[in-house]
Structures are given as C-alpha cells and as structure tokens.
Amino acid sequence: MPVTFRKSFRVFPGVRLNINRKSVSLTVGKGDAKRTYSSTGRKTTSMDLPGPFGYRKTTSRH
C-alpha cells in the first residue's frame, strides 16, 4: 500500500495552503467558488452553481 502525505493549513479566512509530496498549492475562495494555484503550473477553478447546473470544475496548465 503506498504512503501518501497531504497537509492543509488555513492562512487567512478563505485562503488555504496545501502541501503534498510533489507540490504546494494555494486555494483562494470561500463557499461555492474557489481558485487553486499549484506550484506545478496547474490552475483550477471550481464552483457549485445553483439549480440543475450542479458542480463545475475547469483546469488549465501554463
């Protein structure tokens, strides 16, 4: 069984610092909309839309 490591720290209200084995990321946002910036270059936007639209997540690499 593989050993994993993941730790998350709340820096400010609505801002989290996430650390795992391969990267560090910063998540900004509260509630239904969040934006995540990773040290690997990945940017992720996720939001929970009201009604029948449900959960949406987009990821891009730069």
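**Six strands, with a look at strand 3**

Thr 27 stands opposite Thr 36 in strand 4. I start there since strand 3 is my main topic this morning. Bear in mind that this is a predicted model.

First, the overall layout. The protein has 6 strands and 0 helices, and along the sequence the pattern reads β-β-β-β-β-β. The radius of gyration is 13 Å, well over the 11 Å that the globule rule gives for 62 residues, so the protein is more spread out than a compact globule. The C-alpha trace spans about 40 × 30 × 25 Å along its principal axes. Of the 62 residues, 15% count as buried. The protein exposes about 5,200 Å², and 58% of that comes from carbon and sulfur atoms. As for contacts between residues at least 6 apart in sequence, 0% of them join residues at least 24 apart.

Now to strand 3 and its partners. On one side of the pairing is strand 2, residues 15-20, which runs antiparallel to strand 3 and is joined to it by 5 bridges. Within that pair, Ile 19 has Val 24 of strand 3 as its bridge partner. The two strands form a hairpin, with 3 residues between them.

Strand 3 also pairs with strand 4, residues 33-38, again in the antiparallel sense, over 4 bridges. This hairpin has 4 residues between the strands, and in it Gly 29 takes a positive phi near 135°.

Which side chains of strand 3 are buried, and which are not? They alternate along the strand. Ser 25 and Thr 27 point to one face and are buried. Val 24, Leu 26 and Val 28 point to the other face and are not buried.

Take Val 28, in strand 3, residues 24-28. Its relative accessible area is 37%, and because buried means under 20% and exposed means over 50%, Val 28 counts as partly exposed. Together with Leu 26 and Tyr 37, Val 28 makes a nonpolar surface patch of about 230 Å².

Last, a residue outside that group: Arg 10, which lies in strand 1, residues 6-12. Is Arg 10 buried or exposed? Arg 10 is exposed, at a relative accessible area of 62%. Setting aside neighbours within four places in sequence, Arg 10 is in contact with Val 15 and Arg 16. The C-alpha atoms of Arg 10 and Pro 52 are separated by 31 Å, and these two residues are 42 apart along the chain.

Terms used:
Residues are numbered from 1 along each chain as its sequence is written. This is a predicted model: local features need pLDDT of at least 70, side-chain atom pairs count only at pLDDT 80 or more; totals for chains, interfaces and linings use all residues. Side-chain values use heavy atoms; hydrogens and water are left out. Buried means under 20% relative accessible area, exposed over 50%, partly exposed in between (1.4 Å probe, protein chains only). Contact means heavy atoms within 4.5 Å. Patches are made of residues with over 30% relative accessible area and no salt bridge: like charges are joined within 9 Å, nonpolar side chains (Val, Leu, Ile, Met, Phe, Trp, Tyr) within 5 Å. Accessible areas come from the Shrake-Rupley method with a 1.4 Å probe; for residues, only the protein chains shown count as cover. A salt bridge is a side-chain nitrogen of Lys or Arg within 4 Å of a carboxyl oxygen of Asp or Glu. The radius of gyration is taken over C-alpha atoms; the globule rule is 2.2 Å times the number of residues to the power 0.38. Two strands pair if DSSP finds at least two bridges between them.
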